[in-house]
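Me: I would like to learn how to read helix packing, sheet order, burial and backbone angles from a model, one feature at a time. Could you take me through some cases?

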Amino acid sequence: MTRVLTVSGARGGRGTHRTIAEAVRAAAPGDTIVVAPGRYPEPVRLDRDVHLRPEHGTGSVEIGALTVTAAAATVTGLVVRGTDPSRPAVSVQDGAGAILDHVEVHGGRIEARAVDAVAAVVLRDVAVHGAAGTALHLAGDVKAEGSDVRLEAVAGVGIVLSGAAQLAAVRLLVRATDGSGIRVRGTARLSLTDCRIDRAGRDGLLVEDAAAVVADESRIDLSGAAAVQVSGAARVRLTDCRITGAGASGLVVTDDAELTAAGCTVRDTSANALLAVGAARAVLDGCHLTGAGFSAVHTGGTADVQLTACRVRHGAEHGVHAVEQSRVTLTDCDLRDLTMTGLHAGDRACLTVAGCTISDVATGVRIASSSPADLRQCAVLRPKEVGVEVVAGGALTLTGGRVTDAGAAGIVIDTAATVRITAADVTGGGGSGLVAWTGSRPQVEGLRVDGVAKNGIYVAQGAGGQFTRCDVTATGFAGLHVDTAADPVFHDCRIHDAATGLALPATSPEVTAVPAPDELSLDDLLGELAELVGLDRVKRDVGTLVKLMQTVRRREEAGLPAPPLSRHLVFAGNPGTGKTTVARLYGRLLKALGLLRRGHLVEVDRSALVGEYVGHTGPKTAAAVTSALGGVLFIDEAYSLVPRYGGNDFGQEAIATLVKMMEDHRDDVIVIVAGYPGEMDRFIGANPGLASRFTRTLHFDDYDTPELVAIVEHQAAGHRYELTDAARGGLVDYFTALPRGEGFGNGRLARQVFQEMTERQAQRVAELPEATGDDLVLLAPEDLPTR
């Protein structure tokens, strides 16, 4: 039968004990010792299985250092005050078992050591303040569990686990340590759930040797060095953890260690979010790496790193920087807003990337490694410089995917790089689509280049390579530019709407099988016109013009005088109705008919024709017309040359110069003026010379909803996407609901909708645990833009 023994301190009394030690000696296993309020400074040794608790609530009793040698002793609600912060205030010895419940420890640590027999410790609502060296030390064969444990203001390490110690902690707080927050060594095991390590002076969590740590829904904030440091052959698994403000890197894995992390956030680290070197292995799934002070991910040695469905944001350097012989695999990741390169591979590092999106970076991907990199179905969006760059000696296989709106070239291949490109797209951008630099010989098949500011494909001096079934469309410079001593081979390539089809140096190199735009037949060009969505009235009008001009050409060839026919046109229509596209085709049609030398298009607006001071406008306008000789001069928003309310304006000088140049070069240039329908009537009426030269107007109707949907579908097919039936229906509803005011974007709006859908799809797919091939291709209703 258990008893209750009372300790009353100096008061004594019948049936009570003056000291705790006296009561312990009198107790039998299972007895409870109740202590009256007060301070009992003598050390307490529990050598039998008793329950020690205060008489009047938690904190009312303070004792000196506590030693437990019993197999099952319990201490509740006491304050333990040691005499030396660097020594144990609570000691659980070999073979002992202790439960500490609602206990505060000051001036020392809690320590359990087991060499010959297992020691067991349970900590519930325990706080340790002001320890030195460490606040909780478990060494040897110790099995411990803790809940609501708080270790604060430690002049050293918060927790040390060594030997074969084991600790499972829930709602643990380690705060304000001079050293690491938690150090796990030997073969120790640590489990953390809903725990927090805050303001560790060194590493937040340091795991060494063959130790293992599992942490769920825990936080490590403001560590002085790494948040998590794993070395030796240690293993760490993190799930739904949050790491912020590390003074060095967030996650560091070295030697033969292994780290896995799922659903974790690493934010605002002073160095890398993840650093993996040596022979380490790191696997991150669904993690967010944000605000790294260095590269978000840096790998070296022979480290093996795998990132799946991860997001990398706002880094001061690269998104991923792989060097030496490390290997990095990225699947369905999203990297954006990085100061330097999205992905960078150097030395002999190996990079394997699938289904990733890289946006708003300096350079999208830079391969400087001799180990072949493999990029499949990736998107590089809006890089400030180059989209994909392979430097001298680098190796890359690029399959599918796209580069959109690069500030410079879409793809650049440097000397002696080994590159194979298949079925990739380069769209928009301020430079050329693909640049093969001196000494490079890429193998390119199925490349599509559309709407770049410079050349479609640029092959530099001494370069070569094989280009098969490539399509180049709407380039500002030549579709294909081949420099001196270059010897590329082009097979079954097509060029559309380029300023010039093929540009060769004066000393032409050997270029094999290049179908330039002028080699396309009239039927091919009329077929391109027929493929345009909508524009039925425009197609009929252009077809009529072609027949008229065929007749003119035949009469000239027969020696008969040509009938009077003005080839200059007015294109009247709202923005985005295909005026520029049809103008390009018109010039190429006249080239195919033999009525123009080159058939290229030069597009200008008021700013390219009108000067800023007297005497400046005439030369500017003349230069614009001269650049279009042999082709088409397309003046967009031509009505802006005529002030709406009259008055002096240099625009009238531009019109006068234009009329004179049209007369001087009447057989060598076509002028097309374009703008809103009502405004174009005002423009033509502003000068008699305009009215006599622009006698035919082509009206470009707004696209209706089915046509806008068809444009999106055409864009999707061209970029290897597919719309689900539900997405198609959603598009119908979206376009039907849009107001059709003066600023309605028509086809331009449809193309913008498609681009936004692809970006929203990329975000959606990046969050999937595992993306299938259909996930990468299908555009769903949730990808539609919000109104």
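Reply: Let us begin with helix packing, where a useful habit is to list the residues that meet before turning to the geometry. In this predicted model, L731, Y734 and F735 of α11 meet L749, A750, V753 and M757 of α12.

Me: At what angle do α11 and α12 pack, and how far apart are their axes?

Reply: The axes of α11 and helix α12, which covers residues 746-766, are 13 Å apart, and the two helices pack at an angle of about 135 degrees. Because angles over 145 degrees count as roughly antiparallel and those from 65 to 115 as roughly perpendicular, this value makes α11 oblique to α12. The handedness is read separately, and the crossing of α11 and α12 is right-handed.

Me: How do the axes of α10 and α11 cross, and within what distance do they come?

Reply: Helix α10 (residues 705-718) and helix α11 (residues 725-737) have axes that come within 9 Å and cross at roughly 130 degrees. That angle makes α10 oblique to α11, and the crossing of α10 and α11 is right-handed. On the α10 side the residues involved are T705, L708, V709, V712 and E713, which meet R728, L731, V732, F735 and T736 of α11.

Me: Turning to sheets, what is the order of the strands in the open sheet of five strands?

Reply: A sheet is read by following the pairing from one strand to its neighbour, and here the order is β64-β65-β66-β63-β67, with parallel pairing. The edge strands, β64 (601-604) and β67 (697-700), each pair on one side only. Direction ignored, neighbouring strands of this sheet are turned by 20 degrees against each other on average.

Me: How many bridges join β65 to β66, and which residue is the bridge partner of D636?

Reply: Five bridges join strand β65, residues 632-636, to strand β66, residues 670-675, and the two run parallel. The bridge partner of D636 is A674, in β66. Helix α8 (residues 677-684) packs on the sheet and touches β63 and β66, while its direction makes about 130 degrees with that of β66.

Me: Now for single residues: is R567 buried or exposed?

Reply: For such a question one compares the relative accessible area with a cut-off, and buried means under 20%. R567 has a relative accessible area of 13%, so it is buried. In the chain, R567 belongs to the loop between α3 (536-557) and β63 (569-573).

Me: Which backbone oxygen does the side chain of R567 reach, and which residues does R567 touch?

Reply: The side chain of R567 reaches the backbone oxygen of L595 at 3.0 Å. Not counting residues up to four places away in sequence, R567 touches M549, Y586, L595, R666, D667, D668 and I670.

Me: Where does E42 lie, and which residues is E42 in contact with?

Reply: E42 lies in the loop between β4 (38-40) and β5 (44-46), and with 23% relative accessibility it counts as partly exposed. Once its neighbours within four places in sequence are left aside, E42 is in contact with T19, I20, A21 and G64. Sequence separation and distance in space can be set side by side as well: E42 and L738 are 696 residues apart along the chain, and their C-alpha atoms are separated by 83 Å.

Me: What are the corresponding values for D775 and E111?

Reply: D775 and E111 are 664 residues apart in sequence and 54 Å apart in space, taken from C-alpha to C-alpha. D775 is placed in helix α13, residues 773-777, and at 22% relative accessibility D775 counts as partly exposed. Leaving aside its neighbours within four places in sequence, D775 is in contact with Q761, V765, L768 and E770.

Me: Finally, what is the phi of A153, and what is the phi of A176?

Reply: The general idea is that most residues other than glycine have a negative phi. Phi of A153 is near 55 degrees, a positive value in a residue that is not glycine; A153 lies in strand β17, residues 150-162, and counts as partly exposed at 47% relative accessibility. A176, also not a glycine, has a positive phi of about 60 degrees. A176 lies in strand β19, residues 173-177, and is partly exposed, with a relative accessible area of 30%.

Key:
Residues numbered from 1 in each chain as written. Predicted model: local features only at pLDDT ≥ 70, side-chain atom pairs only at ≥ 80, totals over all residues. Heavy atoms only, no water. Helix = DSSP H or I, 4+ residues; strand = E, 2+ residues; numbered from the N terminus. Buried < 20%, exposed > 50% of the residue type's maximum accessible area, 1.4 Å probe, protein only. Polar contact = N/O pair within 3.5 Å; in protein donor to acceptor, adjacent residues only side chain to side chain. Contact = heavy atoms within 4.5 Å. Pairing = 2+ DSSP bridges. Axes fitted to C-alpha atoms, helices over the stretch in contact; angles between N-to-C directions. Parallel < 35°, antiparallel > 145°, perpendicular 65-115°, else oblique. Left-handed = near helix turned anticlockwise from the far one by under 90°.
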